[in-house]
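Please work through the exercises below with the sequence and the coordinates open beside you. Each task is followed by a solution that proceeds step by step.

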Amino acid sequence: MKKRNRGLSPLLLSSTIIVSMILFPSLLLIIRLLNPVSPNWNHIKAYLLNEYIANSLALIFSVAIFTGLIGTFLSYGLCRFEFKYEKAMNILLYIPMAIPVYIGGYIYGGFFGNFGTIHRIFISLGIPYNRPDIFSLGGSVFVFSLFLSPYVVLISKSFFKSISKSYFDVSKTLGHNELSTFFRVILPMSKGAIISGIILVILEVLNEYGLVKYFGVPTFSTAIYSTWFGLGDLDSAIRLSSILMVVVFIILFFQGKFEESKMVSDSKSISNRPQRIKGSNRFYIIYSITFILYLTFSVLIPIAQLVYWSYLAIGTIKLNDLFNILTNTIIMASAITLAVLFSSLIVSNCKRLINTKVSNLYSRLIILGYSVPASIISIALLNYFLSVDRLLDPMYLYFGAKKMLITSTILLLCLALTIRYMAIGFNSIDSGLRKIGMNYHNSGRILGASPLKSFVLIDLPMLKHSIISALILTFVDVLKELPITLILRPFNFDTLSTKVFTYASDEMIHEASVYALMIISISLILLLILQFIRKESQYDRA
Amino acid sequence: MKKILLVSSILVLAISILGCTAKTNSDEINNSTESINTSISTENIVNIYTDRHYDTDQELYDKFTSETGIGVNVVKAGSDELLERLAAEGEETSADLIITSDVGRLYRANENGLTKITSSDIIKSNVDSKYIDEQDRFVALTMRARIIAYSLDRVDPSALSTYEDLTDERWSGKVLVRSSSNIYNQSLLASFIELNGEEQAEKWASAMLSSMARDPEGNDRDQMKAVVAGEGDLAIVNTYYLGKLLNSSDPIEVEVGSKIGVFFPNQETNGTHINISGASLTKYGKNSENAIKLLEFLTGEAAQYQYANANFEYPVNPNVEPSDLLKGWGEFKVQDIQLSKLGELNGKAVEIFNKVGWK
């Protein structure tokens with residue numbers, strides 16, 4: 001036993017390094033809580049918090065329910081039943097994720113708003129137009145749910161895909177039909193994965209500022225930004241964020257506890273994966289209607305609107321720096337995705353193999369960086385890396401490196417984004433690893449393989465789906481990431497998403513659309529490549 | 001095997017780092033084709049933090065580089081984040097110049113000790129003195145007016161007079177204006193605090209709530225579209241966005257713009273509210289001389305002409321006329337107020353907005 005623990009210590013060490021990179025900047029925020037309370041604090045409490053918190057809660061609950069329902073239904077249906085165009089459907093379901101939520105807001109503002117697409121159709125038909133109030137809490141829920149559902153689809157799907165056939169067989173033997181099997185067997189066991197997806201959605205909603213600002217729905221993040229930008233009081237803004245962080249941490253902590261107690265058994269082998277079955281006609285009708293409706297609003301309309309706007313921008317858009325922007329975007333997103341995947345594998349494996357309080361705590365802490373609005377965490381990261389730089393300056397000098405090596409280069413941005421998106425990658429990989437459980441790994445160990453060898457040769461191949469989900473999530477998220485890239489980038493560094501923002505913030509949505517479409521295209525290419533790889537590996541196995 | 005884990009972890013980190021630095025290198029190469037020796041010489045560059053994202057600005061910087069050989073490096077982001085970055089970087093900052101599209105942020109930068117005095121005779125001769133801070137803390141580059149846009153079909157402009165008059169019962173439920181998180185609304189209210197006192201300003205903001213046609217939502221263009229769609233009769237908007245609307249590549253937006261009238265309020269009283277885009281030298285900038293050269297260039301006639309014509313902003317150089325479109329709206333009396341006051345009172349304005357419940 002002793003030997004085993006010592007053998008695993010590099011794992012614990014590297015996890016500790018990774019987690020501390022996330023922890024320190026967050027601690028910087030919490031430490032600022034000790035600063036004396038500014039007079040603004042009372043003002044904020046008196047006028048902002050109540051309504052804004054109420055809005056945030058309403059948003060979170062509604063969006064969680066909608067994305068949970070849509071995401072689970074679409075993803076489970078696709079995993080369990082035969083579809084002729086299953087691969088294409090898979091890819092289509094992920095595309096909404098590539099559309100930043102605030103751009104979704106502009107799209108639907110432009111679609112339903114005055115002189116928007118629908119209004120124009122009505123004008124040309126000569127019918128008076130009563131515009132639906134999209135600029136509202138309901139409208140925000142609509143937009144959030146559309147563009148965030150893929151998070152639930154992705155994470156729950158990698159779980160559904162690896163559910164063992166025996167569960168279905170046993171349930172069938174006991175006389176349950178498909179529907180009751182789903183509710184009584186599948187849903188309880190996949191609750192953890194679905195909740196993981198929903199939590200990512202909730203974190204996105206809590207962080208979001210662009211859409212709620214445009215729609216005029218003040219939320220908790222509005223309070224944070226209004227305190228910082230309006231009152232010029234960053235300390236109070238950080239105080240608000242820290243509260244948010246603590247609340248999120250508590251929720252996650254209890255969610256984790258709850259899940260652990262429920263994780264009784266692990267589902268098993270890949271080779272035991274069930275064949276897709278043919279569903280009833282009624283199922284296909286309901287599924288098709290849901291699928292088509294969802295895709296119409298989350299892919300078809302948005303892309304059509306963006307294409308139309310891009311067409312209007314043909315005469316005005318300047319694309320002279322496009323090559324640079326594209327390479328910046330792609331290289332950065334790839335590098336960060338790699339770093340996130342790798343670190344997530346380490347920490348989640350550490351949590352699994354060294355199942356101590358410390359390693360479990362790590363898995364909770366890793367999500368911290370994601371619970372604070374991005375602009376706030378970017379300031380914390382900046383301060384953190386500035387102090388690292390100041391500390392290491394003599395070393396830089398010794399090696400002849402640049403002064404302020406991290407903060408004066410792109411390193412700052414890469415590290416910051418890696419820290420930020422660790423939660424995304426980790427969540428997906430962790431839920432995969434938990435499902436695989438320890439049995440296979442232990443068999444490997446009994447046969448004399450080292451922990452690492454067992455992990456690489458046995459666990460990793462079984463983890464394929466989770467890794468691919470994590471890869472898609474992280475890559476697409478980094479692709480569309482905005483606040484951190486905007487503020488921490490070095491001089492003359494543009495990505496597609498900063499271009500989208502700079503145009504959109506200036507009410508030049510036509511020009512912004514061109515770049516938004518490029519983000520979608522790159523995501524689509526990634527999805528196609530992954531699909532191709534998956535196909536190849538299937539042939540390999542055959 | 002454990003060693004492999006460590007080695008490979010270092011390897012991946014190294015790769016991702018390399019991936020990143022490789023990109024910076026290529027960036028520098030690309031830049032150096034435009035601005036000679038960006039990375040080597042610290043002499044011949046100027047580094048800017050700006051929250052103005054316009055293509056026009058970049059064109060002007062490029063022009064400056066080709067005229068003077070001074071390379072211009074830019075980070076574009078929100079002004080508040082940039083100020084925070086500047087503050088955190090302290091003496092180590094590489095930024096020489098901070099440009100924002102709101103005077104309040106320049107004032108705040110100065111209050112936080114992030115800027116230094118900008119003194120240049122050329123700038124002084126270029127820019128109308130009311131657009132230069134009286135203590136030389138900042139200088140304006142362009143100017144925008146916050147006007148009343150009205151429906152040409154339904155509103156007789158002779159019925160319009162002042163911002164204060166918008167709270168009159170006549171306009172109850174007819175005025176469109178965006179949310180109070182918008183900086184131009186904040187500086188508008190700040191100007192009222194300065195001119196009419198805090199109490200009156202609060203009364204105005206509170207009374208405006210019942211004049212509003214709907215809860216604040218959308219951006220300036222959306223307010224004008226709502227006027228034309230009949231949701232309200234008046235909108236408080238920036239001239240700049242009407243210019244953009246009228247010159248949109250979307251024919252329907254142009255049509256919407258053509259149904260909007262421009263009214264400069266408070267001409268009989270204390271003048272129409274304006275806000276500026278302006279610049280300050282950063283306290284720890286290493287290329288301040290170059291920064292001043294850039295400011296001299298940007299306030300010069302050629303650059304001011306380009307600002308005015310490409311971007312529908314009012315020039316601050318009195319020798320340069322506004323674009324034909326802006327001239328067509330007529331001349332107007334500008335609010336007589338020290339611009340720095342807008343910054344000083346910004347926080348107060350936000351408090352009032354929160355207090356009265358202007359979303």
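The exercises that follow concern a predicted model, and they go from the overall make-up of one chain to single residues and their partners.

**Exercise 1. Describe chain B as a whole, giving its helices and strands, its buried fraction and its accessible surface.**

Step 1: Start with secondary structure, where chain B contains 15 helices and 10 strands.

Step 2: Turn to burial, for which the count over the 359 residues of chain B gives 62% as buried.

Step 3: Consider the surface, which for chain B amounts to about 13300 Å², with 49% of that area belonging to carbon and sulfur atoms.

Step 4: Finally, look at how the contacts are spread along the sequence: among those in chain B with a separation of 6 or more, 78% are between residues 24 or more positions apart.

**Exercise 2. Check the length of helix 14 of chain A against the expected span, and decide whether the helix is largely enclosed or not.**

Step 1: Helix 14 of chain A covers residues 322–353, that is, 32 residues.

Step 2: With a rise of 1.5 Å a residue, the helix should span 46 Å, and because its end C-alpha atoms are 46 Å apart, the expectation and the model agree.

Step 3: Of the 32 residues of this helix, 24 are buried, and helix 14 of chain A is therefore largely enclosed by the rest of the structure.

**Exercise 3. Trace the salt bridges of B:Arg178, stating where each partner lies and whether it is buried or exposed.**

Step 1: One partner is A:Glu507, whose side chain forms a salt bridge with that of B:Arg178 at an N to O distance of 3.4 Å. This pair crosses between chains, since B:Arg178 lies in the loop between strand 6 (175–176) and helix 6 (183–196) of chain B, while A:Glu507 lies in the loop between helix 22 (496–505) and helix 23 (509–541) of chain A.

Step 2: B:Asp220 also forms a salt bridge with B:Arg178, with the closest N and O atoms 3.3 Å apart. Here the pair links distant parts of the chain, for B:Asp220 belongs to helix 8 (residues 220–229) of chain B and is 42 residues apart from B:Arg178.

Step 3: Both B:Arg178 and A:Glu507 are buried; the relative accessible area of B:Arg178 is 13%, which is under the 20% cut-off, and that of B:Asp220, likewise buried, is 0%.

Step 4: These residues belong to a network of salt bridges that links A:Glu507, B:Arg146, B:Arg178, B:Asp220, B:Arg221, B:Lys225 and B:Glu253. Over all chains, the count of salt bridges comes to 43.

**Exercise 4. Examine the salt bridge between B:Asp324 and B:Lys327, and state how the two residues are placed in their helix.**

Step 1: The two side chains meet with an N to O distance of 3.7 Å.

Step 2: Both residues are in helix 13 (residues 324–328) of chain B, and because they are 3 residues apart there, about one helical turn separates them.

Step 3: B:Asp324 is exposed at 61% relative accessible area, whereas B:Lys327, at 38%, is partly exposed.

**Exercise 5. Place A:Ile317 and B:Ala205 in their chains and list the residues that each touches beyond its neighbours within four places in sequence.**

Step 1: A:Ile317 sits in the loop between helix 13 (281–313) and helix 14 of chain A, and its relative accessible area of 15% makes it buried.

Step 2: Once residues up to four places away in sequence are set aside, A:Ile317 touches A:Glu511, A:Val514 and A:Tyr515. Its C-alpha atom is 39 Å from that of A:Ser466, a residue 149 positions apart in sequence.

Step 3: B:Ala205 is part of helix 7 (residues 198–211) of chain B and is buried at 0% relative accessibility.

Step 4: With its neighbours within four places left out, B:Ala205 is in contact with B:Leu189, B:Ile352, B:Val356 and B:Trp358. The C-alpha atoms of B:Ala205 and B:Val350 are 11 Å apart, although 145 residues separate the two along the chain.

Conventions. Residues numbered from 1 in each chain as written. Chains lettered and ligands numbered in written order. Predicted model: local features only at pLDDT ≥ 70, side-chain atom pairs only at ≥ 80, totals over all residues. Heavy atoms only, no water. Buried < 20%, exposed > 50% of the residue type's maximum accessible area, 1.4 Å probe, protein only. Contact = heavy atoms within 4.5 Å. Areas by Shrake-Rupley, 256 points an atom, 1.4 Å probe, with all protein chains shown as cover. Expected span 1.5 Å × (residues − 1). Salt bridge = Lys/Arg side-chain N within 4 Å of Asp/Glu carboxyl O.
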